[in-house]
Amino acid sequence: MTNRRQAVKASMYMSMKLLLADPQWLIPVIIAPFIFTLVALFLYRDVSGPILLYAVLGAGLMGMWGTTVYGSGSSVTTDRWNGTMEATLAAPIPLVWIVVGRVIWNTLIGLVNGAAILVIGVLWFRTGFSVTDPPLFALATVLTFLSLSSFGLVLSTVYVLSRKGGFISNSIEIPVYIATGTMFPVILLPLVVQPVSFAIGPTWGIDAIRVAALPGYTGIGTGYWLDLLVMLAATACYFALAFYLYVRVERLAKRNGTLEEY
Amino acid sequence: MERPGLRVRAAQAAQVFTSSIRFGRKGTVIWDSPDMIAMQIVILPLVQISFFAILAGYIGYTASGVQYIVVGNALQTMSYAAVFSVANITSSDKWQGTLPTLMVTPANRMALFVGRAFFQAGLASLMALVALGYSAALFGVSFARADVPGLLVAVVVTGLTMMSFGLLISSIGLYLRTAMIVANVFLFLTMLVSGVNFPVSALPGWLQAVGYAIPMTYGVEATRLAIAGASLGQMATALGEDVLSGAVVLALGYLLWEAFERLARRTGRFEEY
């Protein structure tokens, strides 16, 4: 257990060092959610009232999401580019613990990014920021952070086997914004898409955040605590799935020996 | 050694150009995977249009307001190929270690410069046409009055001018460690500054200036005119501005490419990180 904790800590520390050594890589991570936010808020420019705070909250969540999705993709892809993939896989600790550290780090950056976008949205569009229930808002935000991490971990398994990690993470960024109701209620989505939305943990977290922040907001309609419960259940499933997949993927990668093959 | 005549040099440039197009296609790794082709041409345009169309509908935009946004985004989706992929050509050379080899070839630089990006211009136009198909089939945009030849011209011209814009960023990437950072910025920036989702006039003055420097702004205008039924003659101003801005960014990109190539040769820092 100590070894695993050390691996997670060391992996987070390494991610931080890599970012500090080459901070320009923060730009692609934050730029898409930032521009999407600006465009969305410009579309809201003739609207007033609580819906503006709804949009700004969604913008912050897009920032968190975008960083998690992009960061998960790059957490493994960067190893390929740097030629450190084999060395990482050969480390005497299961790969999943190394990736857990990276994903937690990326989600932390996402949290900062989300907060920055929130502040910019509030200041630029003068939406004001009054949260109905600050403790519940904080709790929902922290648990959504956890759920995003678990989702990022599941996504990252794909990137171990695929050389198209960057392309995939670019491609799924907008679908996750849509599916999780960052900017509009998921109920507006086509019926075939809604089950997918409800299977994504952060969809419920985003709803809980809004229930705690906006006066009179009902959202999905399940209420704050049930939202959190469903999200936590989904999060537990993601972690279990990610750990299972990593064992399989790591075995497959070692057996085939084609990790860096193009 | 005597320099070949103009005709020979033109023939050599044409040969470099065509082989560069072929190489541009072969170098596009994702084109070996049908799933990636589907993702780029079928899925990406659909999700981008859907995001903004549903958002606009939720805010309460009228049907025509939503369609304005749908058409703008349909054209903007070409940026994935014309801007992002083209801008990353230089970075790919750096990653794959092929940049020094490229630099020492005596091939015509302009033919090489444009040729390698040309495949992406075609792909960009195809993406925009698929996206416009979505706008008709799923988002209620009427093409009943559309001037089809004019529309095709607007899409293809914008594919080429945005490819030129991508080449400008690619040239900057020759100097930078990677063009991917700048490419990411400009992949999405046109959503904000080019009249894709709202008129350029809604932006602060300094952002309007950025918008008017990018060919996409004129391409979107020309496309909307064509869908509204304007003839090629009526689209001439928008198309002319599209071509002019494309020519300016291409020339600027080429000059930068040459300048950075000279710098790289002088300092021997082709691939320094």
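## Where the two chains meet

Two residues count as in contact here if their C-beta atoms, placed from the backbone, lie within 7 Å. By that yardstick, in this predicted model, 24 residues of chain A are in contact with 26 residues of chain B. On the chain A side, α2 (26-43) and α7 (165-179) each put in at least two residues. The biggest giver is α2(A), with 10 residues.

What sort of residues make up the side of chain A that touches chain B? The split is 21 nonpolar, 2 polar and 1 charged.

## Chain A overall

Chain A is built with 10 helices and 0 strands. Reading from the N terminus, then, you go α-α-α-α-α-α-α-α-α-α. Its C-alpha trace spans about 55 × 35 × 35 Å along the principal axes.

How does chain A's radius of gyration fit with a compact globule? A globule of 262 residues would come out near 18 Å, and chain A has 19 Å, which agrees. Buried residues account for 48% of the 262 in chain A. If you take the contacts in chain A between residues at least 6 apart in sequence, 81% of them join residues at least 24 apart.

## Chain B overall

Chain B has 12 helices and 0 strands. From the N terminus on, that gives a run of α-α-α-α-α-α-α-α-α-α-α-α. Along its principal axes, the C-alpha trace of chain B covers about 65 × 40 × 40 Å.

For its 273 residues, a compact globule would have a radius of gyration near 19 Å, and the 19 Å of chain B agrees with that. Of those 273 residues, 48% are buried. As for contacts in chain B between residues at least 6 apart in sequence, 81% link residues at least 24 apart.

## A covered helix: α3 of chain B

Helix α3 of chain B takes in residues 63-76. With 14 residues at 1.5 Å a residue, α3(B) should span 20 Å, and its end C-alpha atoms do sit 20 Å apart.

Is α3(B) mostly covered or mostly open? Mostly covered: 11 of its 14 residues are buried. The buried set is Val66(B), Gln67(B), Tyr68(B), Ile69(B), Val70(B), Val71(B), Gly72(B), Asn73(B), Ala74(B), Leu75(B) and Gln76(B). And what does the covering? The list includes α2 (34-59), α4 (79-87), α7 (109-137), α8 (148-175), α9 (180-193) and α11 (215-227) of chain B.

## Two of the helices around it

Both α7 and α8 of chain B are among the elements covering the buried residues of α3(B), so to speak of them next makes sense of the picture. α7(B) has 29 residues and reaches 43 Å from its first C-alpha to its last, close to the 42 Å expected at 1.5 Å a residue. Where does α7(B) kink? The kink is centred on Phe118(B) and comes to about 35°.

α8(B) has 28 residues, with 41 Å from its first C-alpha to its last, close to the expected 40 Å. Why call α8(B) largely enclosed by the rest of the structure? Because 21 of its 28 residues are buried.

Notes
Residues are numbered from 1 along each chain as its sequence is written. Chains are lettered from A and ligands numbered from 1 in the order in which they are written. This is a predicted model: local features need pLDDT of at least 70, side-chain atom pairs count only at pLDDT 80 or more; totals for chains, interfaces and linings use all residues. Helices (H or I, at least four residues) and strands (E, at least two) are DSSP runs, numbered from the N terminus. Ala, Val, Leu, Ile, Met, Phe, Trp, Tyr, Cys and Pro count as nonpolar, Asp, Glu, Lys and Arg as charged, and the others, Gly among them, as polar. The expected span of a helix is 1.5 Å times one less than its number of residues. A residue is buried if 20 or more other C-beta atoms lie within 10 Å of its own, exposed if 12 or fewer, and partly exposed in between; C-beta atoms are placed from the backbone. The radius of gyration is taken over C-alpha atoms; the globule rule is 2.2 Å times the number of residues to the power 0.38. The bend at a residue is the angle between axes fitted to the seven residues ending there and the seven starting there.
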